[in-house]
Amino acid sequence: MNNDNILGHIVDKLAQVKAQIADLKIDEQLLRQDLIDSGESVIEGVYHRAAISESEGKVAIDWKAIAMKFAPSRQLIKAHTSQGESYTTVRMSARKSA
């Protein structure tokens with residue numbers, strides 16, 4: 001098996017795994033919703049225990065909008081801007097017909 005065939009097999013396997021994960025995430029959401037809809041706060045299983053609680057949403061402050069009210073210069077913005085670490089992305093899509 002040449003390198004292209006090996007890598008092609010890896011691509012197909014990764015796509016299969018991602019599809020399985022997507023299916024499992026759907027199952028997870030449905031099961032979670034069943035527990036939430038039960039109205040119970042604690043549910044005991046044979047091996048596991050679920051505690052259901054509500055939390056308030058995350059507070060987000062739009063610092064950019066606040067800063068823009070003060071009309072900062074480009075130099076000031078550049079002086080206080082940092083670049084995050086680089087990272088690698090693998091995007092998957094269906095193969096086009098050959």
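How many helices and strands does the protein have? In this predicted model, the protein has 3 helices and 2 strands.

## Overall architecture

Read from the N terminus, the elements follow the order α-β-β-α-α. The radius of gyration is 24 Å, well over the 13 Å that the globule rule gives for 98 residues, so the protein is more spread out than a compact globule. Taken along the principal axes, the C-alpha atoms fill a box of roughly 55 × 55 × 25 Å.

The accessibility values add to this picture, in that buried residues make up 0% of the 98 residues. The protein exposes about 10,200 Å², and carbon and sulfur atoms supply 55% of that area.

## Helix 1 and its two ends

Helix 1 covers residues 3–37, a run of 35 residues. From its first C-alpha to its last, helix 1 reaches 51 Å, which is close to the 51 Å expected at 1.5 Å a residue.

Each end of this helix has a feature that can be located in the model. The N-terminal end of helix 1 is capped by Asn2, where a side-chain oxygen lies 2.8 Å from the backbone nitrogen of Asn5. Just after helix 1, Gly39 takes a positive phi of about 80°.

## Strand 2 and the salt bridge

Strand 2 consists of residues 49–51, and Ala51 lies within it. Ala51 has a relative accessible area of 58%, and because the cut-off for exposed is over 50%, Ala51 is classed as exposed. Ala51 and Ser41 are 10 residues apart in sequence, while their C-alpha atoms are 5.6 Å apart in space.

How many salt bridges does the count come to? The count comes to 1 salt bridge, in which the side chains of Glu44 and Arg49 meet with an N to O distance of 2.9 Å. Both partners, Glu44 and Arg49, are exposed.

## Helix 2, the nonpolar patch and the following loop

Which residues form a nonpolar patch on the surface? The patch is made of Val59, Ile61, Trp63, Ile66 and Phe70, which together have about 610 Å² of accessible area. One of these residues, Trp63, is found in helix 2, and at 57% relative accessibility Trp63 counts as exposed.

Helix 2 (63–68) and helix 3 (74–79) are joined by a loop that holds Ala71. The backbone of Ala71 has a phi near 50°, a positive value in a residue other than glycine. Is Ala71 buried or exposed? Ala71 counts as exposed, because its relative accessibility is 62%.

## The segment after helix 3

Ala94 lies in the segment that comes after helix 3, and its relative accessibility of 71% is why Ala94 counts as exposed. Although Ala94 and Ala15 are 79 residues apart in sequence, their C-alpha atoms are 8.6 Å apart in space. For a reader following the chain in the structure, Ala15 falls within the residue range 3–37 of helix 1, and the pair Ala94 and Ala15 can therefore be looked up as a C-alpha to C-alpha distance of 8.6 Å between that helix and the segment after helix 3.

Definitions and conventions
Residues numbered from 1 in each chain as written. Predicted model: local features only at pLDDT ≥ 70, side-chain atom pairs only at ≥ 80, totals over all residues. Heavy atoms only, no water. Helix = DSSP H or I, 4+ residues; strand = E, 2+ residues; numbered from the N terminus. Buried < 20%, exposed > 50% of the residue type's maximum accessible area, 1.4 Å probe, protein only. Patch = residues over 30% accessible without salt bridge, like charges linked within 9 Å, V, L, I, M, F, W, Y side chains within 5 Å. Areas by Shrake-Rupley, 256 points an atom, 1.4 Å probe, with all protein chains shown as cover. Salt bridge = Lys/Arg side-chain N within 4 Å of Asp/Glu carboxyl O. Expected span 1.5 Å × (residues − 1). Polar contact = N/O pair within 3.5 Å; in protein donor to acceptor, adjacent residues only side chain to side chain. Rg over C-alpha atoms; globule rule 2.2 N^0.38 Å.
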